[in-house]
Amino acid sequence: MTTPEILMPAPMLASVITALDERFVLHRLWEQADPDIFLATVAPRIRGLAASTLAGRIDGSWFDRLPALEIVANFGVGYDNVDAGAAAARGIMVTNTPGVLDEEVADLTVGLLLATLRRIPQADRYVREGRWPIAPFPLSPTLRGRRIGILGLGAIGKAVARRLEAFGVPIAYHGRSRQAGVRYDYFDTPAALAAASDVLISIVPGGRTTRRLIDAEVLAALGAEGVLINVARGSVVDEAALVAALEAGTILGAGLDVFEDEPHVPEALRSMPNVVLLPHIGSASQRTRAAMGSLVAHNLTSWFESGRALTPVPETANMG
Ligand code: NAP
Ligand code: 8YV
């Protein structure tokens, strides 16, 4: 049997490249002098695609060019960078990386929450700039007494909630439906959740159904003492409305790991004292990224050895 050929449009972790090199013929598109000419040559033989956000959106235009494509293995639990509906319609399997990053992203979320409320990065800058001998650092807001609203109580949302229970703060959530067996209060709209919360943590998937779910109305409902933490996708928040709300004091502050146009962050946010900004590092530890990469490789291996994917996304779950 011929060795399956895999296309990697953009660079991934060295461990993924090594694992795929060992089992497949791996084509590194980004290394080609003329990617279009190269793709035209290999396209008819490509059976697998190793995707990441760096590769841009994997949609029908890719599927048109790759007639033998059987599987897209995405590096990330969020797969809004892949048109999974279009893939399913063509019988193409799509996999993501659930289960190996939940605790890591939850750790980062709690860290970002505390950093935002207690102004830890600002305090660090204060010491480095030699300002401490001149005057004490200003008193900060607190987590004490705050009600937490989690927008998207999925695998990561629950891992965040478990951690925050230990902090002794009340927790509520919104999703498209109330979850059986969950004891946190449920609110049936994002605005209702925001109105009942002092911190709104966004950890829903990206994509059409969550686009700008957090808009001016939700931010107004969160209120002047409210803090937004977004570790979901930049598309979930109306960034212009967020800037306006921060400038006007409609909300108190924000901690953001994700942005509308990554890696570009609006100057308005970068110059604000009441926000903490991270470069999309929720899962970005060496250990967790290695686990995600390993799952990408194992999905491809399993598919080509047994016809079954390990972690198919819901849209393609009935395909194997
Ligand atoms: P998950 O287990 O599928 O949970 C998603 C949750 O969002 C579910 O509880 C779901 O509840 C809710 N949801 C989905 N669509 C919704 C909608 N239209 N309105 C309201 N709620 C909705 O996913 P996960 O593993 O926790 O990951 C969530 C997302 O986090 C990923 O898709 C990714 O975008 C993001 N993420 C970010 C980082 C980072 O580095 N910052 C890392 C990992 C993941 P219902 O089905 O009941 O609505
Ligand atoms: C990754 C993520 O940083 O898993 C996700 O959904 O957002 C992150 O873990 C990202 O997918 C890297 O491409």
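## Salt bridges

In this predicted model, the count of salt bridges comes to 17. Side chains of opposite charge can pair when their charged atoms come close. One of the salt bridges joins R28 and D21, with an N to O distance of 2.5 Å. D21 is partly exposed, since its relative accessible area of 35% falls between the limits of 20% and 50%.

Another salt bridge is formed by E165 and R183, whose closest N and O atoms are 2.9 Å apart. E165 belongs to helix α7 (residues 155-165), while R183 sits in the loop between β7 (171-174) and β8 (185-186), so the contact ties together parts that are 18 residues apart in sequence. How accessible are the two partners, E165 and R183? E165 counts as partly exposed, at 33% relative accessibility. R183 is exposed, because its relative accessible area of 66% is over the 50% limit.

## A link between two loops and a shared network

E260 and R212 also form a salt bridge, and their closest N and O atoms are 3.4 Å apart. This pair links distant parts of the chain, 48 residues apart. E260 is in the loop between β11 (253-256) and α11 (267-270), and R212 is in the loop between β9 (199-202) and α9 (216-222). E260 is partly exposed, with a relative accessible area of 37%, and R212 counts as partly exposed too, at 34% relative accessibility.

Which residues are joined into one network by salt bridges that share partners? The network consists of E103, D107, R162 and R163.

## Aromatic pairs

The count of aromatic pairs comes to three. One of them is formed by F24 and F304, in an edge-to-face arrangement with 5.7 Å from centre to centre and 65° between the planes. F24 lies in the loop between α1 (14-23) and β2 (25-28), and F304 lies in helix α12 (residues 286-306), so the pair ties together parts that are 280 residues apart in sequence. Are F24 and F304 buried or exposed? F24 counts as buried because its relative accessibility of 7% is under 20%. F304 is buried as well, with a relative accessible area of 13%.

Y126 and F137 form an edge-to-face pair, with ring centres 5.1 Å apart and an angle of 75° between the planes. Y126 is part of helix α6 (residues 120-128), whereas F137 is in the loop between α6 and β6 (148-151), so this pair ties together parts that are 11 residues apart in sequence. Y126 counts as buried at 7% relative accessibility, while F137 is partly exposed, with a relative accessible area of 27%.

## The surroundings of ligand 1

There are 28 residues around ligand 1, and A155, I156, R176, V231 and D257 come nearest. By class, the shell divides into 12 nonpolar, 13 polar and three charged residues.

Which part of V231 lies 2.9 Å from a nitrogen atom of ligand 1? The atom concerned is a backbone N or O atom of V231. Oxygen atoms of the ligand have polar partners too: an N or O atom in the side chain of H280 is 3.3 Å from an oxygen atom of ligand 1, and a polar backbone atom of G282 is 3.2 Å from an oxygen atom of ligand 1. Ligand 1 has 930 Å² of accessible area on its own, and the protein covers 84% of this area.

## The surroundings of ligand 2

The residues around ligand 2 are T53, F75, G76, V77, G78, L101, R233, H280, S283, R289 and M292. This shell has four nonpolar, five polar and two charged residues.

Which residues place a polar side-chain atom by an oxygen atom of ligand 2, H280, S283 and R289 being considered in turn? For H280 the distance between such atoms is 2.8 Å. For S283 the corresponding distance is 2.6 Å, and for R289 a polar side-chain atom lies 2.8 Å from an oxygen atom of ligand 2. Taken alone, ligand 2 exposes 330 Å², of which the protein buries 89%. The side chain of H280 thus has a polar atom 3.3 Å from an oxygen atom of ligand 1 and a polar atom 2.8 Å from an oxygen atom of ligand 2.

Methods. Residues are numbered from 1 along each chain as its sequence is written. Chains are lettered from A and ligands numbered from 1 in the order in which they are written. This is a predicted model: local features need pLDDT of at least 70, side-chain atom pairs count only at pLDDT 80 or more; totals for chains, interfaces and linings use all residues. Side-chain values use heavy atoms; hydrogens and water are left out. A residue is near a molecule or strand if one of its heavy atoms lies within 4 Å of it. A polar contact is a pair of N or O atoms within 3.5 Å; within protein, one must be able to donate a hydrogen and the other to accept it, and residues adjacent in sequence count only if both atoms are side-chain atoms. Accessible areas come from the Shrake-Rupley method with a 1.4 Å probe; for residues, only the protein chains shown count as cover. Ala, Val, Leu, Ile, Met, Phe, Trp, Tyr, Cys and Pro count as nonpolar, Asp, Glu, Lys and Arg as charged, and the others, Gly among them, as polar. A salt bridge is a side-chain nitrogen of Lys or Arg within 4 Å of a carboxyl oxygen of Asp or Glu. Buried means under 20% relative accessible area, exposed over 50%, partly exposed in between (1.4 Å probe, protein chains only). Helices (H or I, at least four residues) and strands (E, at least two) are DSSP runs, numbered from the N terminus. Rings of Phe, Tyr and Trp (its six-membered ring) pair if their centres lie within 6.5 Å; planes under 30 degrees apart count as stacked, over 60 as edge-to-face and the rest as tilted.
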